[in-house]
Each structure stands twice: as structure tokens, then as C-alpha cells.
Amino acid sequence: MAPGPTVETPNGPFTLARSCDGCTLCCRVLEAVTLNKPMGVLCKDCVVGTGCGIHATRPDECRNYHCGWLIDGSLGPEWQPEKAHIIITYDLEGRRLNAHADPLYPDAWRQEPYYSQLKGWAAMALPRGGQVVAYLEKDVSVFLPDRHVELGVLGADDFIFIENLGEGRWDARRLGREEAMAQRQV
Ligand code: SF4
Ligand code: SF4
């Protein structure tokens, strides 16, 4: 498969692994703050199956967004967003992998092969301080090597806390700001 375009990032030019090739899933599934577009609502400028109808003048928020499928050439074909019904994104400088389910397919990340791959990525990420988090709109579930933990909708002051219980066992829960600050001082 031909590589995608080279884009500017805060760390310099980066050649994407792929192009969108007619996928428009993020224009419906993800929030676009500058467009006042909530999650799960199709952007009024999206031409489904083709791309952005205002490509030349789209806001920077859209211009600068590249999902995991575009960034990570090692993802298998099952992760094409419209096939998976899941959009992969990264944040916390790449330490957190987010899997956003298409609200039309709310069980998307509970299906195989996705569920096992997310658990496998959690097994690799957790010992390095990373996280693997699945979303259904604002509903949050944290992946551990052997299961997922549903945390529900997090408040603005809530944090995801993942605890190493030893012997390969992990747990996850939400912490309020004060409890999270106390944990950092331990
Ligand atoms: S989900 Fe990824 S591949 Fe699909 S339109 Fe958005 S950026 Fe492109
Ligand atoms: S402006 Fe274009 S890229 Fe941005 S959400 Fe709308 S259709 Fe998608």
C-alpha cells in the first residue's frame, strides 16, 4: 500500500503510513470543538464516502488530526476504521491509546479480534506507564491484560488510575483530583 502524505507535526514533517481513501468515520464519531460538533453527529461538511467538503478551508483541528490507522503502518487491515467501527487515537504524547467505538456499533471493541488485541496492547503498555482506553462516546473503559474495567463517564476532575497488584495482576479505577494528587506523592 502506498504511503500517505507528509504532514507537519510539532516534531517536524511526518509521512503518514496511509491515506483516508474515502473513509470519513471521524467526521461523525469524534467531537470537533471548533465546529461545535458533538461526538456521534455527522459534520455538515462531510461528503460520506468521499471526504471533507471544505478540505481546503477545514479548521486546524481537522487538518492536524490523523487517526492511528493513518499513523501506524503496523496495524493490520482489520483496523481500517470503517471496517473495525473503531477509531484509534493517541494522546499523553503517545502513552495512551484510545479506541473510540462507532456509536452505531456500540459493541465494536468487545468483538474479536479487537478485544484480544486491546488486551495484548494493554499487557505491553501498562508496565511502561501507558494506558489502553476504550470509549463509547464519553463512556470510558480501561483495558487490562486480562479484562476491561468500566469507569463510566469521567468528570473534568477525574483521573484514570491503574494499579499494579503484582504477579501480573492489574486493576483500574477513577480517582478524584485530591486522591490523584495524594497518589503522586506516595
Ligand atoms: S478515521 Fe482515520 S482514516 Fe477515517 S477519515 Fe478519520 S483520519 Fe481518515
Ligand atoms: S470540517 Fe471536514 S474534516 Fe472537519 S469534521 Fe467536517 S467534514 Fe470532517
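How many helices and strands are in the chain? There are six helices and eleven strands. The model is predicted. The domain assignment splits the chain into domain 1, residues 1–75, and domain 2, residues 85–186. Two ligands come with the chain, and each has a shell of residues around it.

**Overall shape**

- The chain has 186 residues, and a compact globule of that length would have a radius of gyration near 16 Å. The chain has 17 Å, so the two values agree.
- Along the principal axes, the C-alpha atoms fill a box of roughly 50 × 35 × 35 Å.
- Buried residues account for 24% of the 186 residues.
- Take the contacts between residues at least 6 apart in sequence: 36% of them join residues at least 24 apart.

**Two domains in contact**

- The C-alpha centres of domain 1 and domain 2 are 23 Å apart.
- Nine residues from domain 1 and eight residues from domain 2 make the contact.
- On the domain 1 side, helix H1 (26–29) and helix H3 (68–71) are the elements that give two or more residues.
- That side of domain 1 has seven nonpolar residues, two polar residues and no charged residues.

**Around ligand 1**

- Which residues are around ligand 1? Among them are four cysteines, given here by name: Cys20, Cys23, Cys26 and Cys67.
- Thr24, Leu25, His66, Trp69 and Leu70 are also around ligand 1.
- Pro81 and Ile87 complete the list for ligand 1.
- By class, the shell around ligand 1 has nine nonpolar residues, two polar residues and no charged residues.

**Around ligand 2**

- The residues around ligand 2 include Cys27, Cys43, Cys46, Cys52 and Cys62.
- Ala32, Asp45, Ile54 and Arg58 are around ligand 2 as well.
- The shell around ligand 2 divides into seven nonpolar residues, no polar residues and two charged residues.

**A hairpin at strands E1 and E2**

- Strand E1 covers residues 6–9 and pairs with E2 in the antiparallel sense, over four bridges.
- The two strands form a hairpin, with two residues between them.
- In this pairing, Thr6 stands opposite Thr15 in E2.

**Backbone details to look for**

- Is the peptide bond from Glu112 to Pro113 cis or trans? This bond is cis, with omega near 10°.
- Pro113 sits in the loop that runs between strand E6 (96–101) and helix H5 (114–125).
- Asp21 is not a glycine, although its phi is positive, at about 50°.
- The loop between strand E2 (12–15) and H1 holds Asp21. Asp21 counts as partly exposed because it has 13 C-beta neighbours inside 10 Å.
- Leu92 also has a positive phi, near 50°, and is a residue other than glycine.
- Find Leu92 in the loop between strand E5 (86–91) and E6. Leu92 has 11 C-beta neighbours inside 10 Å, so it counts as exposed.

**Leu97: a residue in strand E6**

- Leu97 is part of strand E6.
- Is Leu97 buried or exposed? Leu97 is buried, because 22 other C-beta atoms lie within 10 Å. The cut-off for a buried residue is 20 or more.
- Leaving aside residues up to four places away in sequence, Leu97 touches Ile88, Tyr90, Trp121, Ala125 and Val132.
- Leu97 and Gly166 are 69 residues apart in sequence. In space, their C-alpha atoms are 23 Å apart.

**Gly129: a residue in a loop**

- Gly129 lies in the loop between H5 and strand E7 (131–136).
- Why is Gly129 exposed? Gly129 has 10 other C-beta atoms within 10 Å, and a residue counts as exposed with 12 or fewer.
- How far apart are the C-alpha atoms of Gly129 and Ile54? They are separated by 39 Å, and the two residues are 75 residues apart along the chain.
- Ile54 is one of the residues around ligand 2.

Technical notes: Residues are numbered from 1 along each chain as its sequence is written. Chains are lettered from A and ligands numbered from 1 in the order in which they are written. This is a predicted model: local features need pLDDT of at least 70, side-chain atom pairs count only at pLDDT 80 or more; totals for chains, interfaces and linings use all residues. Domain bounds come from an automatic or database domain assignment. Two residues are in contact if their C-beta atoms, placed from the backbone, lie within 7 Å. Ala, Val, Leu, Ile, Met, Phe, Trp, Tyr, Cys and Pro count as nonpolar, Asp, Glu, Lys and Arg as charged, and the others, Gly among them, as polar. A residue is near a molecule or strand if its C-beta atom, placed from the backbone, lies within 6 Å of it. The radius of gyration is taken over C-alpha atoms; the globule rule is 2.2 Å times the number of residues to the power 0.38. Two strands pair if DSSP finds at least two bridges between them.
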